[in-house]
Amino acid sequence: MSVATVIGAAIKAATVLLGVSIGKITIIPVLIATLAYFNYDLMDPENHPRVTKQLREDYDIIIVGGGSAGSVLANRLTENPEWNVLLLEAGGHETEITDVPILSLYLHKSKVDWKYRTQPQNSACLAMVDHRCCWTRGKVLGGSSVLNTMLYIRGNRRDFDEWKNLGNPNWGYEDVLPYFLKSQDQRNPYLARNTKYHSTGGYLTVQDNPYVTPLGVAFLQAGEEMGYDIRDVNGEQQTGFALFQFTMRRGARCSTAKAFVRPIQLRKNFHLSLWSHVTRVLIDPRTKRAYGVEFIKDGRKQVVFAKKEVILSAGAINSPQLLMLSGIGPRIHLEQLGIPVIQNLPGVGQNLQDHIAVGGLSFLIDYEISIVMNRMVNLNTALRYAITEDGPLTSSIGLEAVGFISTKYANQSDDWPDIEFMLTSSGLTSDGGTHVKNAHGLSDEFYNEVYRKIDNHDVFGVFPMILRPKSRGYIRLKSNKPLDYPLLYHNYLTHPDDVAVLREGVKAAIAFGETSSMRRFGSRFYSKPLPNCKDIPLFTDEYWDCVIRQYTMTIYHMSGTAKMGPSTDPMAVVDPELRVYGITGLRVIDASIMPLITSGNINAPVIMIGEKGADLIKARWMQLPRFKRDNVTTATA
């Protein structure tokens, strides 16, 4: 990102956060920034990729969705100059605001968000408006990597070995580790020297946060007090505590669009079409071969054809939706909606998994060291961000440290933790009850009764996230109209084991706040009873069971809705080469294919899936010896 762009973003950030109108800011810096911005960016090699004005009638490969997997696929598949590749994305470009790390929650419910909401259910999200959880998904080139908190977590080695054991050869940890390495450009020199688990030179920049409060180090010390080691959680062992690493570059967001698409914009065999909403895959019902897609752009229905393959990388909501709209899915459901059934695959839209945490666990402290928006974000910090690429604006909403811990339900002697602590130098109330409350969808009544009186106080937060939930949701079409949003059923906390693990996660969070490392800041748990739980004795198991159903916080890791599995699995949608069963020339390559969700934040695994998926396609269509393999083993086609 150019200096001029950063200055423009910084001024906009101050404007968004502080409510300052541009006219009230001194005119000279604004004028300088504006002139520099509009002139320098004309030549900026990292500027937005060019949109193709005139599309071809057909392409070798069509990729649907320019998110975390689709952006990787576009890059890797166009490495072959003989292939013409089209990337279709329903959203538009990133903006200067999306680049600023501290603003990620301010992007929720904006024009770059699909703004999905789940169906009302009584098992969770009871503090939200209409009892509906807000599922933010990126409607923008770069997908949800443009809206997320940029956390780089690979998961546990056993996650991938489990995938392999379920009948998916070449998906074990040792098989996928090279693909994590292929993407990565590790900027921490200590970790970069660990060549087995980290690498440099990849497209995706991974770095430590430039801005850490005193709480960040204290979080690690508190973890040690609880008996855990400080370690590289993306290395040999996961259990333990660490400072988070982020997909950031020079203090700004490094989305997959920035990492993988911008560098290839001059490749002649790469075409990009934005604001292009794909409505269905074109499939010959006789041969069951995918031969193109139908999409809407500029209010007009258009068709483009694929000579080799169509790839769905539209995410765990849109990919199964497109499969069903195209006649691939549960027969009874499709027939009820009048959609001609081309392939009966009952697993489409099933197996929906997500990570949830208990929100609102806040600890008051006595020192002005946390991220309080009205104190930390101002014109001075904006200029610091623009000039030195550090300061509070580089903070990812206060996320500083991570802890992978084991509750009493996990094997304490094994590296198989069941809770992830996301530790923040901020909280729900750090912006005065504005954007964070809105992003999480909390009702005014709930927020005002419980949290309003600690608005803008110094706090830290502990978000205990369940790593391997057993509850399974599902997705259904609302109608056969492609622009109707699907019906989303989360089914959170419908399995009793999930309730038990999260309850223990909350207890561990309370204990974390009581460590001497945190008490030296005056740490004390904010124990205001929640409205629907205040008749239950505080701190009992029954009370915590009630609490976790109130402020149920999705971590936006929807996955598994087009699961990968062997042909013997009746619920499998794609085979281990990510090809849709029963359909030729169609693959799904995104979070949908996860048979089991990984133990951690899933953006890094989705990028890995894109890398491996690209090699699977190359193995199918290319003579491998004439193509540079970058020391990555390719699965046999």
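# Strands, domains and a salt bridge in a predicted model

Biologist: Let's start with β5 and strand β6: over how many bridges do they pair?

Modeller: Happy to, and bear in mind that this is a predicted model. Strand β6 covers residues 204-208, and T205 in β6 is the bridge partner of D185. The sense of the β5 and β6 pairing is parallel, and the number of bridges is 3.

Biologist: Which strands does helix α6 touch as it packs on the sheet?

Modeller: Helix α6 is made of residues 173-183. Its direction makes about 65 degrees with that of β5. The strands that α6 touches are β5 and β6.

Biologist: Good, now for the sheet itself: what is the order of its 3 strands?

Modeller: The sheet is open, and its pairing is mixed. At its edges are β5 (184-186) and β8 (245-246), each of which pairs on one side only. Put together, the order is β5-β6-β8.

Biologist: Moving on to β14, is its pairing with strand β13 parallel or antiparallel?

Modeller: Strand β13 spans residues 289-297, and 6 bridges tie it to β14. Within this pair, I296 stands opposite K301. The two strands form a hairpin with 2 residues between them, and D298 in the turn has a positive phi of about 55 degrees. The sense of the β13 and β14 pairing is antiparallel.

Biologist: And which residue in β14 is the bridge partner of D58?

Modeller: We can place it through strand β1 (residues 58-64), which pairs with strand β14 (residues 300-312) in the parallel sense over 6 bridges. The bridge partner of D58 in β14 is F305.

Biologist: Which residue in β26 does I311 stand opposite?

Modeller: β14 and strand β26 (residues 586-588) run parallel and are joined by 3 bridges. The β26 residue opposite I311 is R587.

Biologist: Let's zoom out to the domains: how far apart do the C-alpha centres of domain 1 and domain 2 lie?

Modeller: Both domains are built from several segments, with 56-94 among those of domain 1 and 354-554 among those of domain 2. Their contact takes 42 residues from domain 1 and 39 residues from domain 2. Between them they bury about 3,200 Å², with 61% of it on carbon and sulfur atoms. The distance between the C-alpha centres is 29 Å.

Biologist: How many salt bridges does a search of the whole structure find?

Modeller: Between domain 1 and domain 2 the count is 1 salt bridge. For the whole structure, the search gives 37.

Biologist: With which residue does R158 form a salt bridge?

Modeller: R158 is in helix α5 (residues 157-165), and its partner is 256 residues apart from it in the chain, in the loop between β19 (399-405) and β20 (419-424). The closest N and O atoms are 2.2 Å apart, which is within the 4 Å that a salt bridge requires. The partner of R158 is D414.

Biologist: One last check on confidence: what pLDDT does the chain average?

Modeller: Of the residues, 90% score at least 70. The pLDDT is below 50 over residues 20-43, a stretch that has 24 contacts in the model beyond near neighbours in sequence. Residues 624-637 also have a pLDDT below 50, with 29 contacts beyond near neighbours in sequence. For the chain, the average is 92.

Definitions and conventions: Residues are numbered from 1 along each chain as its sequence is written. This is a predicted model: local features need pLDDT of at least 70, side-chain atom pairs count only at pLDDT 80 or more; totals for chains, interfaces and linings use all residues. Side-chain values use heavy atoms; hydrogens and water are left out. pLDDT is the predictor's confidence in each residue, from 0 to 100. Contact means heavy atoms within 4.5 Å. Two strands pair if DSSP finds at least two bridges between them. Helices (H or I, at least four residues) and strands (E, at least two) are DSSP runs, numbered from the N terminus. Axes are lines fitted to C-alpha atoms, for helices over the stretch in contact, and angles run from 0 to 180 degrees between N-to-C directions. Domain bounds come from an automatic or database domain assignment. Buried area is the accessible area (1.4 Å probe) that two parts lose on being put together, summed over both. A salt bridge is a side-chain nitrogen of Lys or Arg within 4 Å of a carboxyl oxygen of Asp or Glu.
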